[in-house]
Amino acid sequence: MRKLLIVMLILFLAPPVFSYAGTVASRWDISIGGFVKFDGGWASQGVNGDYLYASPESITGNKNVVDEYGNSFMASGETRLNFAIKGPNAWGAKTSAFIEGDFRQSGAYEGFRLRHAWLKFDWAKTSLLIGQASTKWKGMTTYNVLGISELAMAKTNRVPQIMFTTKFTKNWSLSYGIVSQYKSNLAGGSRAPTGIPAASNTQRLNDLPFVESELVYKTDTYGKIGPRPLTLAFGGFIGRDKIARRSGVAGTQWYDDDANTWGLAFKGFIPVIPEKKGNKAGSLAFTGTIVIGQGSSTERYPSDVWDAYVRRASITATDFDAANATNSAGWAELTYYFTDSIYASAVYGTSQWNLSSTIRNDATYMNSNYPRSVQHYVVNLMYDVNQAIRFGVEYTHINTAYARAQAAGSGGASGSLDVGRVAAWYFF
């Protein structure tokens, strides 16, 4: 009788136990990774640690409180967490998935947000990625800075996409596919173009996804630094915006005009002085990107190339000329390794928006806080204690020029920002 009661108790408890176990364990191979990061520093303007540009400077008769006072900051929102999954083969391909997020959610710096989420098929020479990932045309190269928001012209967006990559030879590969025109948090729907007042009267839509491609050359013939060999890449995208305007705030009739959007980027990593026998001491690396493009803001696909605006000439309810601001940008970095674990980097980046003087000075059709140029100067020192722990200290100077002077109480037409920053990482 006693044994029977024990057996009945086991059978009674088994279903919930097995059900609960299924919610915490996967049938596939899962690896957890990421890093914990702390940031702290002081800025010459009243900004936090997630700055992009310098705020307009105070001028006589037009003081900007952000420029009047400095500010200190501390945060850990750049902390990341990822899951890498390996699953069963399908259609002769190895399958995998990847999920990554950080805590830089807009409006709630400690809120978790999605960065990457894709599934992947890997054949012998071709792979297929479906999901949200970094854009290919601009996202190959990495740079050593302490703040993820720094060096805006170097940033890449992460967008939903369907992307093939084919490796033709040992050294050459080509990526090609379609990408969403919007980041996932702005998925689809009409959006008001940046720089145009009365946004309710103007909308931007896209009836087709953008097309993207990138050609990459890699070789370790000339040595490498860490895992990185000589790498050169040329990429680009092309698309089209439809800009719609209505005949008045209360109007119900809409009219539209198409505006081209495209981008090209040349990127490279060069081990000028490669590492020797796996030791990076004495190594020197050059990394850089050159970008030209037309159309779209940092909230959309081609990062840091600003939105559509309506031309000044011939604007009526039924007749207007929509266009996208053209942009040129670039950045370059030199990194020198004093030892295998201590290294310093110097970075310069610039971005220019080519706005006509007519558009720039017309308060009706161009916001005064529309940037015309931005320049970043960054120097830092990093120390990799071991594979898990890294410390860094950095100085950043940013210059920003705007379309014209701001509204009363908001400053002039340009500004500069100086930041001293420290950071600590724990990788896992």
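Modeller: A residue counts as buried under 20% relative accessible area, as exposed over 50%, and as partly exposed in between. The structure discussed here is a predicted model.

Biologist: Why is phenylalanine 112 called partly exposed?

Modeller: The relative accessibility of phenylalanine 112 is 45%. Partly exposed covers what lies between 20% and 50%, so phenylalanine 112 at 45% belongs there.

Biologist: How many aromatic pairs does the whole structure contain?

Modeller: The search finds 11 aromatic pairs. One of them joins phenylalanine 103 and phenylalanine 112.

Biologist: What makes the pair of phenylalanine 103 and phenylalanine 112 edge-to-face?

Modeller: The ring centres are 5.1 Å apart and the planes meet at 65°. Rings pair if their centres lie within 6.5 Å, and planes over 60 degrees apart count as edge-to-face; therefore 5.1 Å makes these rings a pair and 65° makes that pair edge-to-face. Phenylalanine 103, at 27%, is partly exposed. Tyrosine 336 and phenylalanine 338 form another edge-to-face pair, at 5.2 Å between centres and 85° between planes. Tyrosine 336 is partly exposed, with a relative accessible area of 35%. Elsewhere, ring pairs connect Trp91, Phe121 and Trp123 in a cluster.

Biologist: How do you know that the charged end of arginine 228 sits over the ring of phenylalanine 269?

Modeller: The charged end of arginine 228 is 4.0 Å from the centre of that ring. The distance limit is 6 Å, and the charge must also be within 35 degrees of the ring normal. The 4.0 Å value satisfies the distance limit, and the charge is found over the ring. Arginine 390 lies over the face of tryptophan 425 at 5.8 Å from the ring centre, a value also within 6 Å.

Biologist: What makes aspartate 102 and arginine 115 a salt bridge?

Modeller: Their side chains meet at 3.8 Å, N to O. The limit is 4 Å, so 3.8 Å qualifies. Aspartate 102 belongs to strand S4 and arginine 115 to strand S5, so the contact ties together parts 13 residues apart in sequence. Both residues are buried.

Biologist: How do you know that aspartate 256 forms a salt bridge with lysine 242?

Modeller: The closest N and O atoms are 3.7 Å apart, which is within 4 Å. This pair links strand S12, holding aspartate 256, to strand S11, holding lysine 242, 14 residues apart. Aspartate 256, at 47%, is partly exposed, and so is lysine 242, at 27%.

Biologist: Is lysine 280, which forms a salt bridge with aspartate 340, buried or exposed?

Modeller: For lysine 280 and aspartate 340 the closest N and O atoms are 3.6 Å apart. Lysine 280 is in the loop between S12 and strand S13, and aspartate 340 in the loop between strand S16 and strand S17, so the pair ties together parts 60 residues apart in sequence. Lysine 280 has 18% relative accessibility; buried means under 20%, so lysine 280 is buried. Aspartate 340, at 32%, is partly exposed. Salt bridges with shared partners also join Arg80, Glu100, Asp102, Arg113 and Arg115 into one network.

Biologist: What makes phenylalanine 83 accessible enough for a surface patch?

Modeller: Phenylalanine 83 has 31% relative accessibility, and patch residues need over 30%. Phenylalanine 83 therefore passes that cut-off. With Ile30, Ile32, Val36, Ile99, Leu114, Tyr426 and Phe428, Phe83 makes a nonpolar patch of about 730 Å². Strand S1 gives the largest share, 3 residues, while phenylalanine 83 is in strand S3.

Notes: Residues numbered from 1 in each chain as written. Predicted model: local features only at pLDDT ≥ 70, side-chain atom pairs only at ≥ 80, totals over all residues. Heavy atoms only, no water. Patch = residues over 30% accessible without salt bridge, like charges linked within 9 Å, V, L, I, M, F, W, Y side chains within 5 Å. Areas by Shrake-Rupley, 256 points an atom, 1.4 Å probe, with all protein chains shown as cover. Helix = DSSP H or I, 4+ residues; strand = E, 2+ residues; numbered from the N terminus. Buried < 20%, exposed > 50% of the residue type's maximum accessible area, 1.4 Å probe, protein only. Phe/Tyr/Trp six-rings, centres within 6.5 Å; stacked < 30°, edge-to-face > 60°.
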